[in-house]
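Reader: I've got this model open on my screen and I'd like to zoom in on one part of it. Could you walk me through a single strand properly, and then show me how the rest fits around it?

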Protein chains: 2
Amino acid sequence: MKLHILGCHSATPRSTVFPSAQVLEINNELLLIDAGEGMQIQLRKYKHKFNKIQHIFISHLHGDHFFGLPGFLSSLRLIGREKPMHIYAPVGLKQIIELIFKLTQTDINYPLFFHELGSSESEVILETDKFTVKTIPLEHRVYTNGFWIREKPALRKLNIDAVKQYPEIETWAYHNLKRGKDFVREDGSIIPNDKLTLPPPPPKSYAYCSDTVYKPGIVPLIEGIDMLYHESTFLEIHKELAVKTKHSTAKQAAQIAKDAGVKFLVLGHFSSRYPDENAFKKEAMEIFENVDIAEEGKSFEV
Amino acid sequence: MKLHILGCHSATPRSTVFPSAQVLEINNELLLIDAGEGMQIQLRKYKHKFNKIQHIFISHLHGDHFFGLPGFLSSLRLIGREKPMHIYAPVGLKQIIELIFKLTQTDINYPLFFHELGSSESEVILETDKFTVKTIPLEHRVYTNGFWIREKPALRKLNIDAVKQYPEIETWAYHNLKRGKDFVREDGSIIPNDKLTLPPPPPKSYAYCSDTVYKPGIVPLIEGIDMLYHESTFLEIHKELAVKTKHSTAKQAAQIAKDAGVKFLVLGHFSSRYPDENAFKKEAMEIFENVDIAEEGKSFEV
C-alpha cells in the first residue's frame, strides 16, 4: 500500500500547489481520494495511469475536493476507456455531473456508477477481494466523510522446509495451504496448517480525514491503523478560526493520531496563509512523533 | 491591446499544457475568453490580477473551455471580491454553475450576472466606453460563438504647436478639442478641430474563433482586424478528421486570415497528436505569412 499526494492544499489558488487529491496504490490498483481542480494534470505529471483507477471517493461537496472530476471523467471518454468507473460521493454530485454531461452533450461511453452517500453512521461502502472501504463520518460545514481502507489479509506463506518433510504433500496442495487449510492425507489423517505455513504480514490500513473540525469521536474508527492523513488547515495560533470554519489545527490532528494509536500521521490541506509548512510538522511533533507533511508529488509507503 | 495565452491546447490532458483560456488586456482591464480547467492556476502563474477581470466570455459548453470556471468563481468569493462579474455564455452554463453553488452550499457574495447566448446571428453583447464585443457564430458540434472585440477610438491628440498659435485657447478647452469639437471664440467665430488636433491611432481589434470547422462565412465579420486567434486542432494530413469533429486545420485557419485581410494570425487549440507544434506555423505560412503559434504564457501585442 502506497499513498501518492497529487494535491494537499486548501482552496485558495496558487500557481504551484493543488487542492485535495491523492491516490492510494493497493496491489497495482489506484483508489482516487478527492479530486480537486487540476488533478488529472497531476496524475499525468506523476505518471499514474488513468486506467488503474476504478474507484473514486469524494469526501464532500466543496469545490476544492471535486472540481477536477468533470474534466477527468471527460478525459477518460476521450482516451477510450471501457472499464467501469465507480464514484462514492455525497448525494448531489451525481446530479451535477449528469447535468454537465447533458448540457455539454457528452456521451460517457464507459459504465459510470454513482454510489451516493448520505448516512451519518460509518458504513462499509466497498468490499473487494483485495480491500475494504468504510466511511468515517466527519464534521465540517457540509456533509463530509473520511475513508478507512484496509487490505484483505494476504495469503499465508509456505514454510518450504516444513513442507518438504512430508513427501505426500504435492504442489497441487499448495493452493489450499496458502489459504489456511490443513493438509488431509489419503488415510484421513491431518497435518495442521500452522505446521506447514507462516502467517502473512498483517494487512495494512489507511484513513483519510479531510475536511473536519477536531472530532475525537472518530478515534475508535481509526484505532491502530498504519497511516492517517488528517487535515491541518491551521496552526494553533488560529485555533478559533479552525473552530469557526470547522477545520483542524496541526496539534489537533496529532492528538487524534496519538489517541487512536496510529503508526504514522500525514498532515495536509494547508491554508495558504503560512509561508513555511514545516511549522505544521513542528507543532504536531509536540504531541505525536511519527508525522510528516504532505507535498505534491510525494509518496508514502504505508 | 495585448493578448495573453493561459492555455491553447485541445482537451486531452497533459502535464505541461492547459486547455483553452486567454485574457485580452484593454486599458488595464482583462477580458477572460474561455476558461479551461486550471485557468486560475495560470492566472496566478503569469501574475494577472483576478480583480482586473469583470467580463468572461465562454465560446461553447465543452469541458475544455469552461471547467476552470466554477473554481475561479469560488476563489473570487474566498478572496473577498466585491465588484460585479459578468459571464457571456451559451444557455445552460448558468444552470450548471447555479446547481454547483447550490449543492456546495456556496454563497456567492459578489454580484454575478449571466448573459445567456443563443442567437445564430452575430450580435453586440457588450459595449462599454472602452470597447465593443460582438459574437461570431461558429460551427462546431455544439452551439458555439467566437468573439470580436474592438477598442473604442482613443481621444484625438492636441497639436500643441498649432494650439499655441491661438492664445485665446486656454487649457480648459483641451477637453473638448480632444473629443473632436471645434473651438468657438467669444465672438462666435470658429477654429476647426482638425487645425488643432491630430487623429488618434486607429482602434485595435481582435477576434477569437475556437472551436469551429472551416467556415468561410465568418470572413465578413472579421474583415481587416488586427489580430485573429483561430483554432487549428489538426494539420492537413488529418483534414478528414477535422471535418468529422468540426475542427479546422492550420491551412484552413490561414485561408480565413488571408481572405479576411487580418493583420496577424495566432494559431491554437492544438491536438496532442503532434509532437512539434511548429508544424502548424509552417503549414499556415504557405497561405499566410504573418502567423505565429500560441503557447502557454506567451503574450501578443495586438
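What follows is a close look at one strand of chain B, then at a sheet in that chain, the contact between the chains and the overall build.

Reader: Take strand S14 of chain B. Which residues point one way from S14(B), and which the other way? And what does S14(B) pair with?

Author: Sure, and keep in mind that this is a predicted model. Strand S14 of chain B covers residues 205-209, and five of its five residues are buried. Look at how the side chains alternate: B:Ser205, B:Ala207 and B:Cys209 point one way, while B:Tyr206 and B:Tyr208 point the other way. Both sets are buried, so you won't find an exposed face on this strand if you go by the count of 20 or more other C-beta atoms within 10 Å.

Now for its partners. Strands of a sheet pair through backbone hydrogen bonds, either parallel or antiparallel. S14(B) does both. With strand S9 of chain B (residues 145-151), S14(B) pairs in the antiparallel sense over four bridges. With strand S15 of chain B (residues 227-231), the pairing is parallel, over four bridges. A handy residue to click on is B:Ala207. B:Trp148 stands opposite B:Ala207, and B:Ala207 also stands opposite B:Leu228 in S15(B).

Next, scroll to an open sheet of seven strands in chain B. Its order is S6-S5-S4-S3-S2-S1-S18, with mixed pairing. Strand S6 (112-117) and strand S18 (299-301) of chain B stand at the edges with a single partner strand each, so one side of each has no neighbour in the sheet. From one strand to the next, the twist averages 20 degrees. For a detail inside this sheet, try strand S4 (residues 53-57) and strand S5 (residues 85-90) of chain B: they run parallel and are joined by three bridges. B:Ile56 has B:Ile87 in S5(B) as its bridge partner.

Then there's the other copy. Two copies of a chain are related by a rotation about an axis and a shift along it. Here, a turn of 180 degrees and a shift of 0.0 Å along the axis lay chain B on chain A with an RMSD of 0.0 Å. The two copies are thus related as by a two-fold rotation axis. If you want to find that axis from chain B, go to B:Gly38: its C-alpha is the nearest in the chain, 2.8 Å from the axis.

As for the contact itself, 29 residues of chain B are in contact with 29 residues of chain A. On the chain B side, helix H1 (39-45), helix H2 (69-78) and helix H3 (93-103) are the elements that give two or more residues. By class, that side has twelve nonpolar, 13 polar and four charged residues. The copies meet through the same surface, because 100% of the interface residues of chain B are also interface residues in chain A.

Finally, step back to chain A as a whole. Chain A has nine helices and 18 strands, and 43% of its 302 residues are buried. Its C-alpha atoms fill a box of roughly 70 × 55 × 35 Å along the principal axes. The domain assignment splits chain A into domain 1 (2-154 + 201-301) and domain 2 (157-198), with 42 Å between their centres, taken over C-alpha atoms. Among chain A contacts between residues at least 6 apart in sequence, 63% join residues at least 24 apart.

Key:
Residues are numbered from 1 along each chain as its sequence is written. Chains are lettered from A and ligands numbered from 1 in the order in which they are written. This is a predicted model: local features need pLDDT of at least 70, side-chain atom pairs count only at pLDDT 80 or more; totals for chains, interfaces and linings use all residues. Two strands pair if DSSP finds at least two bridges between them. Axes are lines fitted to C-alpha atoms, for helices over the stretch in contact, and angles run from 0 to 180 degrees between N-to-C directions. Domain bounds come from an automatic or database domain assignment. A residue is buried if 20 or more other C-beta atoms lie within 10 Å of its own, exposed if 12 or fewer, and partly exposed in between; C-beta atoms are placed from the backbone. Copies are superposed by least squares on the C-alpha atoms of residues with pLDDT of at least 70 in both. Two residues are in contact if their C-beta atoms, placed from the backbone, lie within 7 Å. Ala, Val, Leu, Ile, Met, Phe, Trp, Tyr, Cys and Pro count as nonpolar, Asp, Glu, Lys and Arg as charged, and the others, Gly among them, as polar.
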